[in-house]
Amino acid sequence: MSGIPKALDGKIAVVTGASRGIGKGIALELGAAGATVYVTGRSATPGRLPGTVHETAAAIDAAGGVGIPFVCDHRDDDAVQRLFQLIRDERGRLDVLVNNVYNSPAAARWLGKPFWEVPPKAWDETFDIGVRSHYVASVFAAPLLIESGGLIVNISSPGARRYMHNAVYGVAKSALDRLTADMAHNLSDTEVTVVSLWPGIVDTELLQLVPADAQGQRLVTLPGEGTFDLAAAETPRFPGRAVVALATDPDRRSRTGSAWRVADLAESYAFTDVDGRVPRAD
């Protein structure tokens, strides 16, 4: 449970890239708080990694919300526009947009590589899905969100401020946080809140492929960054609880335009991960 049962009854949310991982965790927490959640992604059938938009929607229903799957490639602007027109036609409002879609399996190929070993196509993959797609969804969502005084959450990373993974990753996350700040500036005369959210290391389905060693530990080594024990990682539900806390905070406008660590929000709003911890591995 999110800790605020049914606080989002009657609210409409969109979570992009919600077939699995952080997006799924956020969608489930919004659903547990009573929201109707449109979940987007390309995964209509299971692939190498588990999870589809249909499975996430069903899990939202089970959590107490209403899940609506929308199969969508976020490189297709027309498809994204159709999503928000559908929401206007079906619901007449939108309260929360979570821009989360990201191609983690593709990005994993370039972890720890110096920039001269990261091909130009990696730049295009990262910016098309990790920055441009967030901009496009926000463009089409903005009229609805202005009407409701809603919330935009861009899933970013501490890589916006310090070196993480590779040069392309850091530049993309910096761009995303700049987008947050500039959208907030443009929306300053409305009631819309725009924030970037920084999860830590999240034990997603991709990281769950990391096997346990002889001591039973699941350790992941990020080249140039260190080795991390996944027992200390966040679950995907932890950033979801941050989104619910923001969505239900009547004073959230004080946070607009800035980036916030999930763990810091957990302390501010007094929520924990599903096991009662406040993880700080990032």
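# Exercises on helix packing and loop residues

Helix α1 (residues 21–32) packs against α7 with the axes 7 Å apart and at an angle of about 45°. The model used in these exercises is a predicted one.

## Exercise 1

Classify the packing of α1 and α7, and describe the contact between these helices.

Solution. Step 1: start from the angle of about 45° between α1 and α7. Angles under 35 degrees count as roughly parallel and those from 65 to 115 as roughly perpendicular, the rest between them being oblique. α1 and α7 are therefore oblique to each other.

Step 2: the hand of the crossing of α1 and α7 is right-handed.

Step 3: list the partners. α1 contributes Ile22, Gly25, Ile26, Leu28, Glu29, Leu30 and Ala32, and these meet Arg237, Pro239, Gly240, Arg241, Val243 and Val244 of α7. Sorted by class, the residues of the contact of α1 with α7 are eight nonpolar, two polar and three charged.

## Exercise 2

Describe how α7 packs on α8, then place Leu246 within that contact.

Solution. Step 1: helix α7 (residues 237–247) and helix α8 (residues 262–269) have axes 9 Å apart, at an angle of about 50°. The two helices, α7 and α8, are therefore oblique to each other. α7 passes α8 in a left-handed crossing.

Step 2: from α7 come Phe238, Pro239, Ala242, Ala245 and Leu246, which meet Val262, Ala263, Leu265, Ala266 and Tyr269 from α8. The contact of α7 with α8 holds ten nonpolar residues, no polar ones and no charged ones.

Step 3: Leu246 is part of helix α7. With a relative accessibility of 0%, Leu246 is buried. Outside its neighbours within four places in sequence, Leu246 is in contact with Leu265 and Tyr269, and also with Leu151, Val195, Arg252 and Arg255.

Step 4: for one pair, set sequence against space. Leu246 and Tyr269 lie 23 residues apart in sequence, with 8.7 Å from C-alpha to C-alpha.

## Exercise 3

Are α3 and α5 roughly parallel or oblique to each other, and which residues make the contact?

Solution. Step 1: the axes of helix α3 (residues 77–90) and helix α5 (residues 120–148) cross at roughly 20° and come within 10 Å. The cut-off needed is that angles under 35 degrees count as roughly parallel. α3 and α5 are therefore roughly parallel to each other.

Step 2: the contact joins Asp77, Val80, Gln81, Phe84, Ile87 and Arg88 of α3 to Arg132, Val136, Ala137, Phe140, Ala141, Pro143, Leu144 and Glu147 of α5. Nine of the residues in the contact of α3 with α5 are nonpolar, one is polar and four are charged.

Step 3: the crossing of α3 and α5 has a right-handed sense.

## Exercise 4

Thr52 and Ala44 lie in the loop between β2 and α2. Determine the exposure and the contacts of each residue.

Solution. Step 1: the loop runs between β2 (36–41) and α2 (53–63). Thr52 has a relative accessible area of 2% and is buried. Ala44 has a relative accessible area of 35% and is partly exposed.

Step 2: a polar atom of the Thr52 side chain lies 3.0 Å from the backbone nitrogen of Glu55. Apart from neighbours within four places in sequence, the contacts of Thr52 are Ser19, Ser43, Ala44, Thr45 and Pro46.

Step 3: with residues up to four places away in sequence left out, Ala44 touches Thr52, His54 and Val71. By contrast, the C-alpha atoms of Ala44 and Ala32 are separated by 23 Å, though these residues are twelve residues apart along the chain.

## Exercise 5

Which backbone atom does the side chain of Thr190 reach?

Solution. Step 1: Thr190 sits in the loop between α6 (167–186) and β6 (193–198). Its relative accessible area is 14%, and Thr190 is buried.

Step 2: the side chain of Thr190 reaches the backbone oxygen of Leu187, at 2.8 Å. Beyond four places in sequence, Thr190 is in contact with Ile146 and Arg253.

## Exercise 6

Give the phi value, place and exposure of His165 and of Ala270.

Solution. Step 1: phi of His165 is near 75°, a positive value in a residue other than glycine. His165 belongs to the loop between β5 (151–155) and α6, and at 13% relative accessibility His165 is buried.

Step 2: phi of Ala270 is near 60°, again positive in a residue other than glycine. Ala270 is in the segment after α8, and with a relative accessible area of 69% Ala270 is exposed.

Conventions
Residues numbered from 1 in each chain as written. Predicted model: local features only at pLDDT ≥ 70, side-chain atom pairs only at ≥ 80, totals over all residues. Heavy atoms only, no water. Axes fitted to C-alpha atoms, helices over the stretch in contact; angles between N-to-C directions. Helix = DSSP H or I, 4+ residues; strand = E, 2+ residues; numbered from the N terminus. Parallel < 35°, antiparallel > 145°, perpendicular 65-115°, else oblique. Left-handed = near helix turned anticlockwise from the far one by under 90°. Contact = heavy atoms within 4.5 Å. Nonpolar A, V, L, I, M, F, W, Y, C, P; charged D, E, K, R; others polar. Buried < 20%, exposed > 50% of the residue type's maximum accessible area, 1.4 Å probe, protein only. Polar contact = N/O pair within 3.5 Å; in protein donor to acceptor, adjacent residues only side chain to side chain.
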